[in-house]
Amino acid sequence: MPFTLQLLLDRRHKCDLASGNMKDISRKPDDAPRVGIVGTGFMGRVHARAARMAGATIAGVAGSRLEKAQEAGLGAARVFASGDELIESGEIDLVHICTPNHLHAPFVLKALSAGLAVVCEKPLAGDAMTAALMAGRAAEAGLVATVPFVYRFHAMVREARERVARGDIGRISLIQGSYLQDWLLRADDDNWRVDPELGGPSRTFADIGSHWCDLAEFVTADRIVSVCAQTAIVQSSRATNAPVVTEDVATVQFRTASGALGTLATSQVSPGRKNRLFLEISGTEASLAFDQEQPELLWVGDRSGSRTLMRDPAILSAAAQPYSPLPAGHPQGYHDCFDAFVADTYAALRGEHRDGLPVFADGARAAAICEAVLTSARTGGWTEC
């Protein structure tokens, strides 16, 4: 019997997708997973690096073409002609899906059917129903299935979450922020994400608004329940000369389950903003603010004044300390977050619990919010999510 099928039969991963609790009843802690990477672009390289850092063996890689996989240099033991061949090989335990968005669902569903654990880039799917199906299939199979909402893994994000949870800022009244980039600013800037056949019906919000909403809900433990949105296309055509139909900019007003109000601006055409995710939470006692381009810092404000807290494991909460392995003054960044996310995923594969690990239920949640944003922008009214 192929090893991956034996995994499915003999080593059921018991998952609670709502809480992120996962238990693997037989894998030994010192087992290193055999990992496959499908997709050889920027994200494929990031996933491969993090897999190596976590001690995994990269058993196989597949790209859009055999030559691309051969030239990718991801350190794989074997190059496969296609993602399907890699998934069906019986030579891997876990597959990282790093392809264009339209391929996420087919590869994920095939991998889950083969008994493989999965890490899939967001968005899980172009529509909420398919994303929910993927989350449901992972739960039914009892397999570890995670989504790289990696900004959760900044130590100062964990510190903010802990302070909110213990009541330091009081009752939340306002959640606001933005996620701004400029990499698609000009008409001659282009990417597969612009094509809705490859990227899906939403571009900016699905790509980066999903990160912001996940982070806001993660830090506050307060769900966005309704949205009122606007979208705009700034560049009506790009290098391919095909009409652009996905949004360059999206703005959203929202309400949360607790009654807090919120605003969010997302853009891929804001000059000078490279990857600026900003989140500020105001409560009845204090405010907290996090800027992803200054990830070593957490701004803390109250009526008597404000201060900036620097990442220092000596003074951080117990919740933040595991994600602050370096001494103060030794900056941590994006790669560190991604490495921590992948390491926690592999720990879940071994049956260990990792608090805050983003699973497919979180990916489905992001898809539901994105779909509500598009509906609201189209109808001009408030939409529940």
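How far apart are the mean positions of the positive and negative charges of the protein chain? They sit 2 Å apart, taken over 38 positive and 45 negative charges. Lys and Arg count as positive here, Asp and Glu as negative, while His and the chain ends are not counted. Each charge is placed at NZ of Lys, CZ of Arg, CG of Asp or CD of Glu.

This is a predicted model, where local features need pLDDT of at least 70, side-chain atom pairs count only at pLDDT 80 or more, and totals for chains, interfaces and linings use all residues. Residues are numbered from 1 along each chain as its sequence is written, and side-chain values use heavy atoms, with hydrogens and water left out.

**Figure 1. The whole protein chain, with its eleven helices and 16 strands.** Helices (H or I, at least four residues) and strands (E, at least two) are DSSP runs, numbered from the N terminus. Along the principal axes, the C-alpha atoms fill a box of roughly 65 × 55 × 35 Å. A compact globule of 385 residues would have a radius of gyration near 21 Å, and the protein chain agrees with its 21 Å. That radius is taken over C-alpha atoms, and the globule rule is 2.2 Å times the number of residues to the power 0.38. Of the 385 residues, 54% count as buried; buried means under 20% relative accessible area, exposed means over 50%, and partly exposed is in between (1.4 Å probe, protein chains only). About 15900 Å² of the protein chain is exposed, and carbon and sulfur atoms supply 52% of that area. These areas come from the Shrake-Rupley method with a 1.4 Å probe; for residues, only the protein chains shown count as cover. Now for contacts, meaning heavy atoms within 4.5 Å: among those between residues at least 6 apart in sequence, 67% join residues at least 24 apart.

**Figure 2. Helix α10, residues 334-349, is mostly covered.** With 16 residues at 1.5 Å each, α10 should span 22 Å, and its end C-alpha atoms agree at 23 Å apart. The expected span is 1.5 Å times one less than the number of residues. Twelve of the 16 residues in α10 are buried, among them Cys-337, Phe-338, Phe-341, Tyr-346 and Leu-349. Two Asp residues, Asp-339 and Asp-344, are also on the buried list. After α10 comes Gly-351, with a positive phi near 95°.

**Figure 3. Pro-123 and Thr-130, around helix α6.** Start in the loop between β6 (117-120) and α6, where Pro-123 lies. The peptide bond leading from Lys-122 to Pro-123 is cis, with omega near -5°. Move on to Thr-130, which is found in α6 (residues 128-141). Thr-130 is partly exposed, at 23% relative accessible area. Not counting residues up to four places away in sequence, Thr-130 touches Ala-105 and Ala-125. Ala-105 is 25 residues away along the chain, yet the two C-alpha atoms are separated by 7.4 Å.

**Figure 4. Val-157, a buried residue of helix α7.** Val-157 has 2% relative accessibility, and its helix covers residues 155-165. Which residues does Val-157 contact, leaving aside neighbours within four places in sequence? They are Tyr-151, Arg-152, Leu-215, Phe-218, Val-219 and Phe-290. Ala-250, by contrast, is 93 residues along the chain from Val-157, with 24 Å between their C-alpha atoms.

**Figure 5. Ala-221, exposed in a loop.** The loop in question runs between α9 (204-220) and β9 (224-232). Ala-221 has a relative accessible area of 72%. Its phi is positive, about 55°, although Ala-221 is not a glycine.

**Figure 6. Leu-261 in strand β11.** The strand takes in residues 261-267. At 48% relative accessibility, Leu-261 counts as partly exposed. With neighbours within four places in sequence set aside, its contacts are Ser-173, Leu-174, Ile-175, Phe-254 and Arg-255. Look for Ile-172 too: 89 residues separate it from Leu-261 in sequence, and 8.9 Å in space, C-alpha to C-alpha.

**Figure 7. Asp-291 in strand β13.** Is Asp-291 buried or exposed? Asp-291 counts as buried, at 15% relative accessibility. Its strand covers residues 287-291. Beyond its neighbours within four places in sequence, Asp-291 is in contact with Arg-276, Leu-277 and Phe-278. Glu-280 lies eleven residues from Asp-291 in sequence and 8.7 Å from it in space, C-alpha to C-alpha.
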